[in-house]
Amino acid sequence: MKRLLFGLGALLWLGACAPQPEPAGSHVDRILAELHDPTSKYVLVASHRGDWRNWPENSIPAIESVIRMGVDIVELDLKLTRDSVLVLCHDHTIDRTTSGKGRVCDITYDSIQRCVLRTGHNVKTSWRMPTLREALAVCKDRIVVNIDQGYEYYDLALAIAEELGGTDQLLIKGKRPAEVVAAKFAEYPHNMMYMPIIDILKPGGRELFESYRRQTVQPLAYEVCWDEFTPAVDSCMHRIVAGGSRLWVNSLWPSLCGGLDDDRAFSGEEDAVYGALLDMGASIIQTDRPQLLIDYLSARGRRP
């Protein structure tokens with residue numbers, strides 16, 4: 001059963017107002033069927049900023065690369081240019097990721113297009129910073145899109161997704177209280193999926209988690225971040241899984257996962273890292289090493 005979000009006297013579909021997708025159909029329909037089934041043993045792989053180790057982060061070739069790998073979810077970041085174009089960019093400036101300089105909000109889209117993207121090793125390429133529209137067109141019916149930095153642009157992003165017919169495959173996340181998200185979703189007849197981010201070892205994170213737990217129905221998934229595994233972290237994870245939601249964890253760097261990170265896994269400790277996350281109940285893992293994780297999960301029988 002698809003989870004709902006309760007607020008302001010109305011029940012809103014967290015996964016949008018369409019029927020639950022069936023396994024048949026496009027590739028993304030099959031991913032969504034797994035995402036909406038918390039009883040499934042299938043572990044979804046989310047790739048952080050696409051395949052940034054081999055292509056510029058948040059770029060079209062980085063997205064295409066993880067689609068070819070068989071990744072389920074690609075995580076992207078949004079920024080808004082001075083002339084109100086949504087582009088894929090993690091930082092507030094273009095200094096690190098392009099040949100240009102300056103804050104995205106101070107630069108027009110045409111000016112950004114005169115810059116080229118850099119790789120993670122600071123090498124200039126011929127690629128340009130894509131717009132959200134271009135990225136969603138590439139992803140349509142092929143992969144779920146997780147918008148990380150971007151809830152503040154929800155209205156603009158939703159309009160683009162609706163125009164392209166890809167709203168159901170978008171998952172947006174943030175740290176807004178349940179009633180705030182419910183009020184925003186009430187403005188539209190059709191919405192993206194939403195997932196709360198829980199920094200469970202911080203007072204604000206604990207308060208946010210409890211506010212969602214008090215809702216009549218639970219989110220599709222929770223993202224939990226922790227820098228040290230404690231009884232509070234363990235309890236939070238157990239409550240999420242027992243409540244019928246999927247548990248999203250990040251193996252990106254130690255401060256997000258108590259040291260159970262991709263670099264440790266890459267050094268030969270896959271069981272100590274990915275195995276431990278699975279034992280905690282993780283059923284969505286965001287990674288910087290998608291192929292390594294896919295191979296591990298396949299060997300463990302958690303992916304076909």
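Let me start with Y188, which is partly exposed at a relative accessible area of 26%. This is a predicted model, and Y188 is my way into its aromatic contacts.

Y188 belongs to one aromatic cluster together with Y151, Y154, F185 and Y194. Model-wide, the count is 9 aromatic pairs. One of them is Y154 with F185: the ring centres are 5.4 Å apart and the planes are at 20°, so this pair is stacked. Y154 sits in helix 5, residues 154–164, and F185 in helix 6, residues 178–185, so the pair ties together parts that are 31 residues apart in sequence. Both Y154 and F185 are buried.

Back to Y188. Y154 also pairs with Y188, and here the arrangement is tilted, at 6.2 Å centre to centre with 55° between the planes. Y188 is in the loop between helix 6 and strand 9, residues 193–199, while Y154 is in helix 5, so this contact ties together parts 34 residues apart in sequence. Which class does Y154 fall in, buried or exposed? Its relative accessible area is 0%, so Y154 is buried.

One more ring, F266. The charged end of R289 sits over the ring of F266, 3.7 Å from the ring centre.

Last, the backbone. R49 is not a glycine, yet its phi is positive, about 60°. R49 is found in the loop between strand 3, 44–48, and helix 2, 60–69. Its relative accessibility is 11%, and the cut-off for buried is under 20%, so R49 counts as buried. S84, also a residue other than glycine, has a positive phi near 65°. S84 lies in the loop from strand 5, 78–80, to strand 6, 86–88.

Methods
Residues numbered from 1 in each chain as written. Predicted model: local features only at pLDDT ≥ 70, side-chain atom pairs only at ≥ 80, totals over all residues. Heavy atoms only, no water. Helix = DSSP H or I, 4+ residues; strand = E, 2+ residues; numbered from the N terminus. Buried < 20%, exposed > 50% of the residue type's maximum accessible area, 1.4 Å probe, protein only. Phe/Tyr/Trp six-rings, centres within 6.5 Å; stacked < 30°, edge-to-face > 60°. Lys NZ or Arg CZ within 6 Å of the ring centre and 35° of its normal.
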